[in-house]
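Visitor: Please take one part of this model and go over it closely. I would like to know what surrounds it and how that ties in with the rest of the chain.

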Amino acid sequence: MNIKLIKANERDAEEILRMQKIAFAELLDKYKDYDTSPANETLEKVLYRLKQPFTYFYLIKLNGENIGAIRIVDKKDGNEPKHVSPLFILPEYRNKGYAQSAIFQAEKIHGANGWELDTILQEQANCHLYEKMGYKKTDKIIKVNSLMSLVIYKK
């Protein structure tokens, strides 16, 4: 598996947004989370995140081709956990271990401990991925709407 994380910059914003809309379209349709779904984000929001000094956005590449992205919020102050938001893989590349590889590589870059993330509680495959990677489900659950809740994981 030839997965590489390549640090993104502002020139990659349109590509990140394009992939993000594809990757989250099915979940948006399923959960109707129009205000929170990455599928509904704007180019301006992606650019804003890319410009944040504590944001590390990486393109996930397979043999040189973009197959997704992962954003790490790492303030590097030791007081706040690092946060994954979002992580996505294009549909045709899912269930092949690429998200797991991307998380592993992000942890090698930013450190193995002190992480936090949230995912859709109702999406058992997502929960399984994070649990398999050593993340522990917390008691904190955020109800987004009548169809969907987010669960917080820590490592």
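Guide: Tyr-153 has a relative accessibility of 0% and therefore counts as buried (under 20% relative accessible area; exposed is over 50%, partly exposed in between, with a 1.4 Å probe and protein chains only). The model is predicted, so local features need pLDDT of at least 70 and side-chain atom pairs pLDDT 80 or more, while totals for chains, interfaces and linings use all residues. Numbering starts from 1 along each chain as its sequence is written, and side-chain values use heavy atoms, with hydrogens and water left out.

The aromatic contacts come next. Searching the whole structure gives three aromatic pairs (ring centres within 6.5 Å; planes under 30 degrees apart are stacked, over 60 edge-to-face, the rest tilted). In one of them, Phe-24 and Phe-88 meet edge-to-face, with 5.8 Å from centre to centre and 70° between the planes. Phe-24 belongs to helix α1 and Phe-88 to strand β4, so this contact links parts of the chain that are 64 residues apart (helices are DSSP runs of H or I with at least four residues, strands E runs with at least two, numbered from the N terminus). Phe-24 is buried because its relative accessibility is 13%, and Phe-88 is buried because its relative accessible area is 3%.

Tyr-153 itself pairs with Tyr-130: the ring centres are 6.1 Å apart and the planes stand at 45°, so this pair is tilted. Because Tyr-130 is in helix α4 and Tyr-153 in strand β7, the contact ties together parts 23 residues apart in sequence. Tyr-130 has 8% relative accessibility and so is buried as well. Tyr-135 joins Tyr-130 and Tyr-153 in one aromatic cluster.

Tyr-130 leads to the rest of its helix. The buried residues of α4 are Cys-127, Leu-129 and Tyr-130. They fall within an arc of 155° when seen down the axis of α4, so they line one face of the helix (the arc is taken from the directions of the C-beta atoms from the axis). Gln-124 and Ala-125, on the other side of α4, are exposed. An α-helix has 3.6 residues a turn, so residues three or four places apart point the same way.

The helix α2 can be read in the same manner. Here Val-46, Arg-49 and Leu-50 are buried. Their arc down the axis of α2 is 100°, so they too line one face of their helix. Across from them, on the other side of α2, Glu-44, Tyr-48 and Lys-51 are exposed.

The elements named so far also meet at a pocket. The largest pocket has a volume of about 1,200 Å³ (a pocket is an open set of points on a 1 Å grid where a 1.4 Å probe fits, with protein on both sides within 12 Å along at least five of seven lines; lining residues have an atom within 4 Å of a point; the volume is the space filled by probe spheres on those points). Its lining has 43 residues, and those closest to the centre are Phe-24, Leu-27, Leu-87, Thr-119 and Asn-126. Two or more lining residues come from each of α1 (13–31), α2 (43–51), β4 (82–89), α3 (98–110), β5 (115–120), α4 (124–132) and β7 (148–154). The pocket lining therefore draws on both elements of the tilted tyrosine pair, α4 and β7.

The backbone has some points to check. In strand β4, which holds Pro-86, the peptide bond joining Ser-85 and Pro-86 is cis, with omega about -5°. Lys-32 is not a glycine, yet its phi is positive, about 55°. Lys-32 is placed in the loop between α1 and α2, and with 37% relative accessibility it counts as partly exposed. Asn-95, in the loop between β4 and α3, likewise has a positive phi, near 65°. Asn-95 is exposed because its relative accessibility is 81%. Most residues other than glycine have a negative phi, and most peptide bonds are trans.

One distance gives a sense of the span. Glu-10 lies in the loop between β1 (3–7) and α1 and, with 44% relative accessibility, is partly exposed. From Glu-10 to Leu-121 the C-alpha to C-alpha distance is 32 Å, for a sequence separation of 111 residues.

Methods
Rings of Phe, Tyr and Trp (its six-membered ring) pair if their centres lie within 6.5 Å; planes under 30 degrees apart count as stacked, over 60 as edge-to-face and the rest as tilted.
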